[in-house]
Amino acid sequence: LIEKNPQLEVVTELSRGQHPYLKGIYRNRNERVVCVKNMDPEQVLLNATRLRNSLGRKVVKLRTRHVTKQPSVQGTWTTAVKF
């Protein structure tokens, strides 16, 4: 991973008594931490590439469950409708 991506800065630290983790610090000052406890090296590499490929933005919850490009003219359907 380090040889293929020279733009990344990789720092390793040994901290006793704590689980191993990967921490991604992005240019927009956000951080993501992934625990890699009991993972084999292939899974650790997969998590490291996911951290590298992500943008570092916070996860934003959608306001509605129903997302469409053409919303219904009559409004969204709910179970509380009484006829």
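Which residues of α1 are buried? In this predicted model, local features need pLDDT of at least 70 and side-chain atom pairs count only at pLDDT 80 or more, while totals for chains, interfaces and linings use all residues. Residues are numbered from 1 along each chain as its sequence is written, and side-chain values use heavy atoms, with hydrogens and water left out.

The buried residues of α1 are Asn47, Ala48, Thr49 and Leu51, where buried means under 20% relative accessible area, exposed over 50%, and partly exposed in between (1.4 Å probe, protein chains only). Helices (H or I, at least four residues) and strands (E, at least two) are DSSP runs, numbered from the N terminus. Helix α1 covers residues 41-53, 13 residues in total. From first C-alpha to last, α1 reaches 18 Å, close to the 18 Å expected at 1.5 Å a residue; the expected span is 1.5 Å times one less than the number of residues.

The cover over the buried residues of α1 includes β1 (21-25) and β2 (31-35). Ala48 is in contact (heavy atoms within 4.5 Å) with Leu1 and Leu22, leaving aside neighbours within four places in sequence. Ala48 and Leu51 also belong to the largest nonpolar core, which has five residues and includes Leu22, Tyr26 and Val36. Such a core is a set of buried Ala, Val, Leu, Ile, Met, Phe, Trp, Tyr and Cys residues joined through side-chain atoms within 4.5 Å.

Leu1 lies in the segment before β1 and is partly exposed, at 32% relative accessible area. Together with Ile2, Leu8, Val10 and Leu45, Leu1 forms a nonpolar surface patch with about 400 Å² of accessible area. Patch residues have over 30% relative accessible area and no salt bridge; like charges are joined within 9 Å, nonpolar side chains (Val, Leu, Ile, Met, Phe, Trp, Tyr) within 5 Å. A salt bridge is a side-chain nitrogen of Lys or Arg within 4 Å of a carboxyl oxygen of Asp or Glu. Areas come from the Shrake-Rupley method with a 1.4 Å probe, and for residues only the protein chains shown count as cover.

Two loop residues other than glycine have a positive phi.

| Residue | Loop | Phi | Relative accessible area |
|---|---|---|---|
| Arg29 | between β1 and β2 | about 70° | 76%, exposed |
| Asn38 | between β2 and α1 | near 60° | 73%, exposed |

Arg27 is also in the loop between β1 and β2 and is exposed, at 86% relative accessible area. The C-alpha atoms of Arg27 and Leu55 are separated by 9.1 Å, with the two residues 28 apart along the chain.
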